[in-house]
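Colleague: I am new to this structure and would like a close look at a single part of it, taken slowly. Please let the description move outward from there to its surroundings.

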Amino acid sequence: MAKEYKLSAERLAALKEELNYLKTVREKEVADQIKEARSFGDLSENSEYDEAKNEQGKLYSRIAQVEEILSNYVIIEEHEGDLDTVRLGCRVKVLDVEFNEEESYELVGSQEADPMNGRISEDSPFGRALLGKTVGEEAQVEAPAGIVRYKVLEIEKI
């Protein structure tokens with residue numbers, strides 16, 4: 001069974017836009033690069049041709065990846081009044097129990113994760129530990145340094 005990709009409506013629109021760009025503008029640019037590189041002569045020692053073909057491979061790989069996501073996506077449902085539990089599509093303020101530090105994270109689908117900017121995937125150990133928790137509950141996360149405990153302080157809709 002194919003993997004389901006959980007996306008926000010914004011991420012879905014961005015992926016559709018990216019796919020359109022890759023298939024129209026970028027594909028033509030790469031084809032022009034290959035055409036120009038061929039005009040340089042002998043292909044066996046033509047680094048411009050090799051580079052253009054590599055770029056074409058990367059392009060087709062990205063197109064396939066985006067098409068795979070778009071053929072198996074699920075939109076993250078918004079739950080209007082339900083801010084009692086941590087779920088996909090919400091912002092969570094937590095307290096690192098050991099260091100007494102407050103941190104805020106958005107729980108997003110794996111395609112939107114950006115841990116350096118506070119966007120964590122529900123597939124990550126931290127995301128899985130937070131899912132279903134309520135304000136006041138503790139989540140335990142297994143980390144290389146041992147178990148890290150977080151207390152849920154606040155849940156809000158993104």
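Which residues does S121 touch, not counting residues up to four places away in sequence?

Modeller: Please keep in mind that this is a predicted model. Leaving aside residues up to four places away in sequence, S121 touches L107, V108, G109, S110, A113 and G127. S121 itself has its place in strand β5, which covers residues 119-121, and it counts as buried because its relative accessibility is 9%, where the cut-off for buried is under 20%. Its side chain also reaches the backbone nitrogen of D123, at 2.9 Å.

From here it helps to turn to the nonpolar core. In soluble globular proteins, nonpolar side chains tend to be buried together. In this model the largest nonpolar core holds 18 residues, and V86, V94, F126 and L130 are the ones that touch the most other members. Two or more residues come to this core from each of β3 (90-96), β4 (101-108), α3 (125-130), β6 (138-143) and β7 (146-157), and β7 gives the most, with four residues. Apart from this core lies another one, of 16 residues, including L15, L59, V66 and I69.

To see how one of these core residues is surrounded, take V94, which, not counting residues up to four places away in sequence, touches E101, E102, E103, Y105, F126, L130, Y150, K151, V152 and L153.

Strand β3 deserves a description of its own, since five of its seven residues are buried and it is therefore largely enclosed by the rest of the structure. With β7 it pairs in the antiparallel sense over seven bridges, and C90 stands opposite K157 in that strand. Strand β3 is also joined to β4, by six bridges and again with the two running antiparallel, and here R91 stands opposite E106 in β4. The strands β3 and β4 form a hairpin with four residues between them, and in the turn N100 has a positive phi of about 55°.

Finally, strand β7 contains I155, which counts as buried because its relative accessibility is 9%. I155 and P125 are 30 residues apart along the chain, and their C-alpha atoms are separated by 19 Å.

How values were computed. Residues numbered from 1 in each chain as written. Predicted model: local features only at pLDDT ≥ 70, side-chain atom pairs only at ≥ 80, totals over all residues. Heavy atoms only, no water. Core = buried A, V, L, I, M, F, W, Y, C linked by side-chain atoms within 4.5 Å. Buried < 20%, exposed > 50% of the residue type's maximum accessible area, 1.4 Å probe, protein only. Contact = heavy atoms within 4.5 Å. Pairing = 2+ DSSP bridges. Polar contact = N/O pair within 3.5 Å; in protein donor to acceptor, adjacent residues only side chain to side chain.
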